[in-house]
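Work through the exercises below with the sequence and the structure at hand. Each task is followed by a solution in steps.

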Amino acid sequence: MINKILCGDAIALIKDVPDEHVNCVVTSPPYYGLRDYGHDGQIGLEKSPKEYVEKLVELFREIHRILKKDGTVWLNLGDSYNGSGGPGSQWDNKNTKGIKSGNFKKFNNPNKSVGNLKPKDLIGIPWRVAFALQADGWYLRQDIIWHKPNPMPESVKDRCTKAHEYIFLLSKSAKYYYDAEAIVEDATGFDGRKDTYFKGGVKYDGFNEQTMLSRGHERWRYKNLKEKGQQTHIMHEKRANGLQDELSPIRNKRSVWTVTTKPYKEAHFATYPQDLIKPCILAGCPENGIVFDPFMGSGTTAVVARKLNRNYLGIELNPEYVKLSEERIYNELGMFN
Ligand SMILES: C[S@@+](CC[C@H](N)C(=O)[O-])C[C@H]1O[C@@H](n2cnc3c(N)ncnc32)[C@H](O)[C@@H]1O
């Protein structure tokens with residue numbers, strides 16, 4: 001079971017995947033009450049957030065089984081408002097049947113109330129899911145904020161325009177595979193604060209230009225060189241020639257990721273940008289490992305996994321999307337796939 005997309009309901013089909021088969025899971029389930037994907041068995045149209053959360057917990061129990069002991073899950077979720085037609089939209093009690101948007105019905109569920117939440121209340125779906133998964137045994141390791149510089153415009157005057165979603169990092173064990181080096185980022189400016197960093201069991205701290213230069217640690221990399229060994233080698237060579245100013249400082253990746261949304265034009269539903277999930281796959285899955293996505297949609301997870309020399313396994317309910325994904329994988333990777 002490798003490099004293929006199974007067509008059907010994720011909760012049913014995941015049962016065919018062997019135990020501890022995948023290294024990492026990167027996924028974006030249908031958001032609660034946002035869209036009608038027009039298929040029986042779809043997740044997201046439950047009568048209440050409670051049922052939605054229970055459905056995801058049920059699926060994630062199986063994900064726990066197929067994930068290797070040192071595996072991680074990177075779960076992208078957005079929020080919505082009680083009684084609204086989707087994340088960020090306003091409560092509209094006139095429209096209870098659904099709004100036609102593109103090829104999809106925007107789902108407007110009048111029953112969508114959480115306990116005694118009032119219309120206009122933020123439901124907090126991502127955190128409800130995260131806490132439920134934590135209570136079910138997952139380690140909830142981090143809430144990453146996906147900051148969107150180009151959010152959907154909203155005609156609201158009583159709150160800010162929503163410009164973020166979450167990516168939760170969950171693990172099966174306390175210790176897990178996580179390649180921090182693979183996703184280091186450029187350090188912008190020096191604020192003199194301590195920034196602790198571990199490499200090969202050695203603790204480096206003190207994020208300041210002077211100490212890092214004197215240590216000669218490869219946190220200082222030569223700009224634009226991708227190979228770590230090459231960076232270090234060139235760094236030493238340049239340093240010996242007094243060219244320290246050409247080195248750029250790097251730091252452990254921060255938990256706010258600014259990534260522009262780039263909808264995939266063939267798909268009429270929410271796809272996540274390739275750049276958003278690159279760090280998840282680089283840090284969460286070793287080369288030649290398997291990345292699993294139970295909601296494959298247009299195949300973004302598969303495309304990025306293959307581009308980064310990882311394998312994929314996916315499930316998707318809608319056969320048309322499976323076809324779309326396969327075409328996309330072929331178009332983007334061709335015979336190299
Ligand atoms: C938000 S989209 C995923 C988009 C994907 N990350 C991408 O970039 O293209 C969610 C997908 O889940 C699928 N889906 C909904 N219910 C499902 C179920 N029970 N089993 C498998 N897939 C399901 C929908 O058809 C939709 O394609």
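**Exercise 1. Contacts of V25**

Which residues is V25 in contact with, leaving aside its neighbours within four places in sequence?

Solution. The model is a predicted one.
- Step 1: outside that sequence window, V25 is in contact with I63, L67, V73, W74, F292 and D293.
- Step 2: F292 is also the bridge partner of V25 in β15.
- Step 3: V25 and W74 both appear among the residues with the most contacts inside the largest nonpolar core, along with V22, V26, I281 and V291. That core has 55 residues, and α2 gives the most to it, with six residues.
- Step 4: as a general background, nonpolar side chains in soluble globular proteins tend to be buried together.

**Exercise 2. The surroundings of β2**

Determine how β2 is paired and whether its residues are buried or exposed.

Solution.
- Step 1: β2 covers residues 22–27 and is joined to β15, residues 290–293, by two bridges. The two strands run parallel.
- Step 2: β2 is joined to β4 by five bridges, again in the parallel sense.
- Step 3: C24 can be used to trace both pairings. Its bridge partner in β15 is V291, and its bridge partner in β4 is T72.
- Step 4: six of the six residues of β2 are buried, so the strand is mostly covered.

**Exercise 3. From β15 to β16**

Which residues cover the two faces of β15, and in what sense does β15 pair with β16?

Solution.
- Step 1: I290 and F292 lie on one side of β15, and V291 and D293 lie on the other. These four residues are all buried, and both faces of the strand are covered.
- Step 2: β15 and β16 pair in the parallel sense over four bridges.
- Step 3: at F292, the bridge partner in β16 is L313.

**Exercise 4. The whole sheet**

In what order do the eight strands of the open sheet stand, and why is one side of β1 and of β14 left without a neighbour?

Solution.
- Step 1: the order is β1-β16-β15-β2-β4-β8-β7-β14, with mixed pairing.
- Step 2: β1 (4–7) and β14 (256–258) stand at the edges and have a single partner strand each, so one side of each has no neighbour in the sheet.
- Step 3: neighbouring strands in this sheet are turned by 20° against each other on average, with direction ignored.
- Step 4: helix α2 (residues 49–66) lies across β2, β4 (67–77) and β15, and runs at about 145° to β4.
- Step 5: helix α8 (residues 319–333) also packs on the sheet, where it touches β1 and β16 (311–316). The direction of α8 makes about 170° with that of β1.
- Step 6: for the chain as a whole, the count is eight helices and 16 strands.

**Exercise 5. The ligand shell**

How many residues surround the ligand, and how do they divide into nonpolar, polar and charged?

Solution.
- Step 1: the ligand is surrounded by 23 residues.
- Step 2: the closest are T271, F295, G297, S298 and T300.
- Step 3: the shell divides into 13 nonpolar, eight polar and two charged residues.

**Exercise 6. Three loop residues**

Locate K120, N309 and P263, and classify each as exposed or partly exposed.

Solution.
- Step 1: K120 lies in the loop between β6 (104–106) and α3 (125–135). Its phi is near 85°, a positive value in a residue other than glycine.
- Step 2: K120 has 13 C-beta neighbours inside 10 Å and therefore counts as partly exposed.
- Step 3: N309 lies in the loop between α7 (300–307) and β16. Its phi is near 60°, which is again positive in a residue other than glycine.
- Step 4: N309 is exposed because 12 other C-beta atoms lie within 10 Å, and the cut-off for exposed is 12 or fewer.
- Step 5: P263 is found in the loop between β14 and α6 (274–284). With 13 other C-beta atoms within 10 Å, P263 is partly exposed.
- Step 6: P263 and Q274 are eleven residues apart in sequence, and their C-alpha atoms are 10.0 Å apart in space.

Methods:
Residues numbered from 1 in each chain as written. Predicted model: local features only at pLDDT ≥ 70, side-chain atom pairs only at ≥ 80, totals over all residues. Pairing = 2+ DSSP bridges. Axes fitted to C-alpha atoms, helices over the stretch in contact; angles between N-to-C directions. Contact = placed C-beta atoms within 7 Å. Near = placed C-beta within 6 Å. Nonpolar A, V, L, I, M, F, W, Y, C, P; charged D, E, K, R; others polar. Core = buried A, V, L, I, M, F, W, Y, C linked by C-beta atoms within 7 Å. Buried ≥ 20, exposed ≤ 12 C-beta atoms within 10 Å, placed from the backbone.
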